[in-house]
Number of protein chains: 2
Amino acid sequence: MYTYIRDGAEIYRQSFATIRAESDLTAFDEDLSQVVVRMIHASGQVDLTGDVRASAGLVTAARTALEAGAPILCDANMVASGVTRKRLPADNEVLCLLGDPRTPDLAVELDTTRTAAAVELWRPMLEGAVVAIGNAPTALFALLELVDAGGPRPAAVIGAPVGFIGAAESCEALADRTDLEYLTVLGRRGGSAITAAALNALASKVE
Amino acid sequence: MYTYIRDGAEIYRQSFATIRAESDLTAFDEDLSQVVVRMIHASGQVDLTGDVRASAGLVTAARTALEAGAPILCDANMVASGVTRKRLPADNEVLCLLGDPRTPDLAVELDTTRTAAAVELWRPMLEGAVVAIGNAPTALFALLELVDAGGPRPAAVIGAPVGFIGAAESCEALADRTDLEYLTVLGRRGGSAITAAALNALASKVE
């Protein structure tokens with residue numbers, strides 16, 4: 001037999017206490033701190049704080065939209081899979097269109113990745129939606145281009161693609177926006193778990 | 001318009017080239033290096049190499065089992081969601097039983113977490129299976145206890161729970177085993193993306 005804590009609620013309590021004791025959350029207000037704590041929890045790394053950037057109105061914008069029933073548009077099935085449905089305030093729809101039958105042909109037509117092409121399919125639901133991009137830099141770039149071209153505007157964008165080609169650049173581009181409410185992780189780190197954790201924290205204040 | 005690479009295959013090629021240029025893979029043979037490269041890709045961190053441990057026969061054991069049609073047993077839906085079905089050599093079944101209707105009652109009965117209780121439900125499929133645990137330390141501990149109690153034995157265990165309570169201890173416990181073929185990430189890092197990436201690399205040699 002191994003010795004370990006078997007009580008799920010106690011594991012959460014001690015996890016969040018450890019994170020708050022070890023991480024520097026001074027750059028964030030209490031609402032945003034709660035979100036960042038969950039992102040740290042998903043990554044196992046307290047130094048994630050140094051790379052997190054958010055617009056001043058992010059938490060309010062995302063919460064207001066979700067409470068009003070906004071859909072959640074995800075770039076990857078793993079992100080959608082990580083959204084805890086019972087935390088959603090309005091039984092919000094959670095969508096990933098990467099597997100949509102129109103996506104492969106659209107990617108060829110637009111000469112881009114399938115993940116970026118799937119963003120084009122968000123158009124009918126994008127106005128006022130909450131976007132959660134945790135995988136593909138090309139999806140985040142495509143979203144910014146779509147907005148710049150006068151397309152529909154999401155209420156909030158969680159943009160934390162991971163990786164070595166374009167991830168850092170796409171997050172930097174998002175953090176440079178003054179016209180969008182955003183949450184991002186600068187640099188190469190990010191990913192579906194961090195992104196879903198942020199969304200789950202924004203969806204409900206329950207720790 | 002932003003300037004970025006829009007060709008998915010080229011993004012993969014440059015990503016893996018960057019990882020191989022920047023990471024120290026000398027501790028791993030070529031087969032295992034291919035797996036570790038994908039784990040780094042999923043985490044955005046080349047220094048993950050320092051924490052990766054695997055038994056000598058891991059790659060062969062996992063590949064042989066998957067080619068023979070072994071099921072893949074996952075502790076979290078995000079891990080299952082991250083498994084690329086078209087990479088699987090035998091249309092292998094991918095299962096997560098966290099949402100099974102028996103799981104909540106079993107957790108109460110066994111006085112443990114739901115994720116650990118779900119491991120008990122693996123018993124009929126566990127002999128010779130490939131296990132992918134990327135979220136819950138309690139699931140990994142429960143698996144090791146089940147094996148120690150004379151239960152069925154998986155062909156290979158990818159065990160990379162993430163977090164602050166029990167994650168490091170459970171990965172250490174796995175790395176100490178001489179009776180199982182394993183792959184783990186020591187310390188707090190890990191998670192569903194790294195775990196699914198490892199499984200995907202083991203499932204197919206295609207980069």
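**Group meeting: the contact between chain A and chain B**

I'll start at one residue. Leaving out residues up to four places away in sequence, B:F164 touches A:S15, A:T18, A:I19, A:I40, A:H41, A:G44, A:Q45 and A:V46, and also B:R188. Before going on, a caution: this is a predicted model.

Where does B:F164 sit in chain B? Its place is in the loop between β5 (156–159) and α9. The residue counts as buried because its relative accessible area is 9%, under the 20% cut-off. As for its surroundings within chain B, B:F164 and B:P137 are 27 residues apart in sequence, and their C-alpha atoms lie 9.8 Å apart in space.

Now the interface as a whole. The contact draws 42 residues from chain B and 42 residues from chain A. About 3,500 Å² is buried between chain B and chain A, and carbon and sulfur atoms account for 64% of that area. Which three residues of chain B supply more of the area it buries against chain A than any other three? They are B:Y2, B:F164 and B:I165, and they supply 21%. So the residue I opened with is one of that trio.

Next, the polar side of the contact. Between chain B and chain A there are 4 salt bridges. In one salt bridge between the chains, the side chain of B:R6 meets that of A:E145, at 3.2 Å from N to O. The count of residue pairs in polar contact between chain B and chain A, with both residues at pLDDT 80 or more, is 16. Turning to secondary structure, the elements of chain B that give two or more residues to the side touching chain A are α1 (8–22), α2 (30–43), α4 (77–82), α8 (137–148) and α10 (192–203). Of these, α1(B) gives the most to that side, with 7 residues. By class, the residues on the side of chain B that touches chain A divide into 18 nonpolar, 16 polar and 8 charged.

One polar contact between the chains deserves a slide. The side chain of B:R177 makes a polar contact with the side chain of A:Y2, at 3.0 Å. B:R177 is found in the loop between α9 (167–175) and β6 (182–185) of chain B. Is this arginine, B:R177, buried or exposed? B:R177 is buried, with a relative accessible area of 9%. Not counting residues up to four places away in sequence, B:R177 touches A:Y2 in the partner chain, and B:L144, B:V147, B:D148 and B:Y182 in chain B.

On to symmetry. A turn of 180°, with a shift of 0.0 Å along the axis, lays chain B on chain A with an RMSD of 0.0 Å. That relation is therefore the one given by a two-fold axis. Which C-alpha of chain B is nearest the axis? It is that of B:M78, at 2.7 Å from the axis. Both copies use the same surface, in that 100% of the contact residues of chain B recur in chain A.

B:M78 comes up again from the other chain. A:S192, which has its place in helix α10 (residues 192–203) of chain A, is in contact with A:M78, A:V79, A:G134, B:M78 and B:A193, leaving aside its neighbours within four places in sequence. A:S192 counts as buried, at 6% relative accessibility.

A word on one helix in chain A. Helix α3 (residues 58–67) is mostly covered, with 7 of its 10 residues buried. Those buried residues are A:L58, A:V59, A:A61, A:A62, A:R63, A:A65 and A:L66. Just after α3(A), A:G69 takes a positive phi of about 100°.

Last, backbone angles outside glycine. Most residues other than glycine have a negative phi. A:D91 has a positive phi, near 50°. Its place is in the loop between α4 (77–82) and β3 (94–96) of chain A, and A:D91 is exposed, with a relative accessible area of 71%. In chain B, B:D111 also has a positive phi, near 55°. B:D111 is placed in the loop between α5 (103–110) and α6 (114–120) of chain B, and at 61% relative accessibility B:D111 counts as exposed.

That is the end of the slides.

Terms used:
Residues are numbered from 1 along each chain as its sequence is written. Chains are lettered from A and ligands numbered from 1 in the order in which they are written. This is a predicted model: local features need pLDDT of at least 70, side-chain atom pairs count only at pLDDT 80 or more; totals for chains, interfaces and linings use all residues. Side-chain values use heavy atoms; hydrogens and water are left out. Contact means heavy atoms within 4.5 Å. Buried area is the accessible area (1.4 Å probe) that two parts lose on being put together, summed over both. A polar contact is a pair of N or O atoms within 3.5 Å; within protein, one must be able to donate a hydrogen and the other to accept it, and residues adjacent in sequence count only if both atoms are side-chain atoms. Helices (H or I, at least four residues) and strands (E, at least two) are DSSP runs, numbered from the N terminus. Ala, Val, Leu, Ile, Met, Phe, Trp, Tyr, Cys and Pro count as nonpolar, Asp, Glu, Lys and Arg as charged, and the others, Gly among them, as polar. Buried means under 20% relative accessible area, exposed over 50%, partly exposed in between (1.4 Å probe, protein chains only). Copies are superposed by least squares on the C-alpha atoms of residues with pLDDT of at least 70 in both.
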